[in-house]
Amino acid sequence: MTDRLALPGFVNAHSHTFQRALRGRAGGGDFWAWRDEMLLEAERQTPHSVRSNYAAWYREMRTAGYTAIGEFHYLGLQEALAALEAAAEAQIELVILLAAYARGGLPRFRQETPAEFLRQVETLREGGGLVGVAPHSVRACPADWLEEIGAYAAAEGLPLHVHADEQPREIEECLSEHGVRPIELLARTGCLGPATTVVHATHADDVELDLLADVGARVCVCPTTEANLGDGYAPIEALLERGIAICIGSDSNVRIDPLEELRELEGIARRSSGRRNVVPVETLLSFGSTEGASALGLERWPEVSVQLDHASLAGVDPGDVPGALVFGCSAEVLES
Ligand SMILES: [Zn+2]
């Protein structure tokens, strides 16, 4: 028997890589207090720091079995170019999901107009980078921005990623501004389609989930971050019932381990349903790889291999390796 098993590489469909700097030190009593600390860290970033730190953190991701990344990026255009260089150095496939930010956050996140944002997207595309558009959230983008960006993504066939329904406060604010919930607003403004990935959807209601299913949009869940930030539980069973595709992201990079994300994902489903094997293991592995690649518009990305002679897999029957990976191993058994 060979001591290596090849698998499709894991795909990290949602990373804010600079947040890796917060590991172990981000305090705060809730999401919003954590966000204040995160904003301080964002403010410190420069093209130089992104170029050197991201190369190291992309290597960390690559070592953990992620071979492609969706970098949800709101630090500025020069920093986006630096991230692309860092990814090339770390030999990881990178898609820059360039964030549109009209209001809130930090001045460096923001563009003056949707046209300025789209010019930045064009600059990255002309440079040969793989790019998707990312209206940050309904907090950061008003309806007219969403309309313009949604129309551009549809016309150009680009992936569109957007945060939605991570925290109850965002939903309350959206209801009071627009009279509808976040995913309803995305639908109304032309931002929901088969190339759309909604990040989190933690507090999405049935109507919102039906909208996602109707258009074939997908959801990116980030279980270790959502746990760390006190976001809540992704509605895994409700997503599955509707046939909504799911992918994973390391998001704040509190952990960088695709197997742990998948274990948490299934753990959430088990805790909420009182059942076991809610998502079959092979399906979980596809959430961690091919579904993420589809969310990023990638057709090819590198494989990983499993070290079958690793101590964590000792005594495991070959047919049980997929289950052992998800439920009994960390990313240390992976090589890429
Ligand atoms: Zn995010």
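**Notes on the predicted model**

Trp-32 is buried, with a relative accessible area of 15%. That is my starting point for a read through this predicted model; the rest follows in numbered points.

1. **Around Trp-32.** Its ring partner is Phe-31: the two ring centres lie 4.8 Å apart and the planes meet at 85°, so this pair is edge-to-face. Phe-31 counts as buried too, at 6% relative accessibility. Trp-32 also has a charge to deal with, since the charged end of Arg-169 sits over the Trp-32 ring, 3.7 Å from the ring centre. If you are setting up a calculation here, those are the three residues to look up: Phe-31 and Trp-32 for the ring pair, Arg-169 for the charge.

2. **A second ring pair, in a helix.** How are the rings of Tyr-54 and Trp-57 arranged? Their centres are 6.5 Å apart with the planes at 40°, so the pair is classed as tilted. Tyr-54 and Trp-57 sit three residues apart in helix α2 (residues 47-63), which means that about one helical turn separates them. Both of these residues are buried.

3. **The wider aromatic picture.** Searching the whole structure turns up eight aromatic pairs. Beyond the pairs above, there is a cluster: Phe-18, Tyr-74, Tyr-101 and Phe-109 are linked by ring pairs.

4. **The zinc site.** Which atoms coordinate the zinc ion? The donors are NE2 of His-14, NE2 of His-16 and NE2 of His-163, at 2.0 to 2.2 Å. Along the chain they follow the spacing H-x1-H-x146-H. His-14 belongs to strand β2 (residues 10-15) and His-163 to strand β6 (residues 160-164), so this pair ties together parts that are 149 residues apart in sequence. Two of the ligands can be placed by accessibility: His-14 is buried at 0%, and His-163 is buried at 7%. One caution before reading a geometry into the site: water is not among the atoms, so the site may look incomplete.

5. **Strands β2, β3 and β4.** β2, the strand that carries His-14, runs parallel to β3, and four bridges join the two. Within that pairing, Val-11 has Ala-68 of β3 as its bridge partner. On to β4 (residues 93-100): β3 pairs with β4 in the parallel sense, over six bridges, and Gly-70 stands opposite Val-95 of β4. To get from β3 to β4 the chain passes through helix α3 (residues 77-90), and the resulting β-α-β crossover is right-handed.

6. **How covered is β3?** Strand β3 spans residues 66-73, and eight of its eight residues are buried. Ala-68, the partner of Val-11, is in this strand.

7. **Cysteines.** Why does Cys-141 not form a disulfide? Its closest cysteine sulfur is in Cys-191, and at 8.2 Å that is too far for a bond; the cut-off for a disulfide is 2.5 Å. The structure as a whole holds zero disulfides. Cys-141 is buried, with 0% relative accessibility, and Cys-329 is likewise buried, at 3%.

Conventions:
Residues are numbered from 1 along each chain as its sequence is written. This is a predicted model: local features need pLDDT of at least 70, side-chain atom pairs count only at pLDDT 80 or more; totals for chains, interfaces and linings use all residues. Side-chain values use heavy atoms; hydrogens and water are left out. Buried means under 20% relative accessible area, exposed over 50%, partly exposed in between (1.4 Å probe, protein chains only). Donors are N, O and S atoms within 2.8 Å of the metal (3.2 Å for Na, K and Ca); water is not among the atoms, so sites may look incomplete. Two strands pair if DSSP finds at least two bridges between them. A crossover is right-handed if, with the strands pointing away from the viewer, the path from the first strand over the helix to the second runs clockwise. Rings of Phe, Tyr and Trp (its six-membered ring) pair if their centres lie within 6.5 Å; planes under 30 degrees apart count as stacked, over 60 as edge-to-face and the rest as tilted. A charge sits over a ring if NZ of Lys or CZ of Arg is within 6 Å of the ring centre and within 35 degrees of the ring normal.
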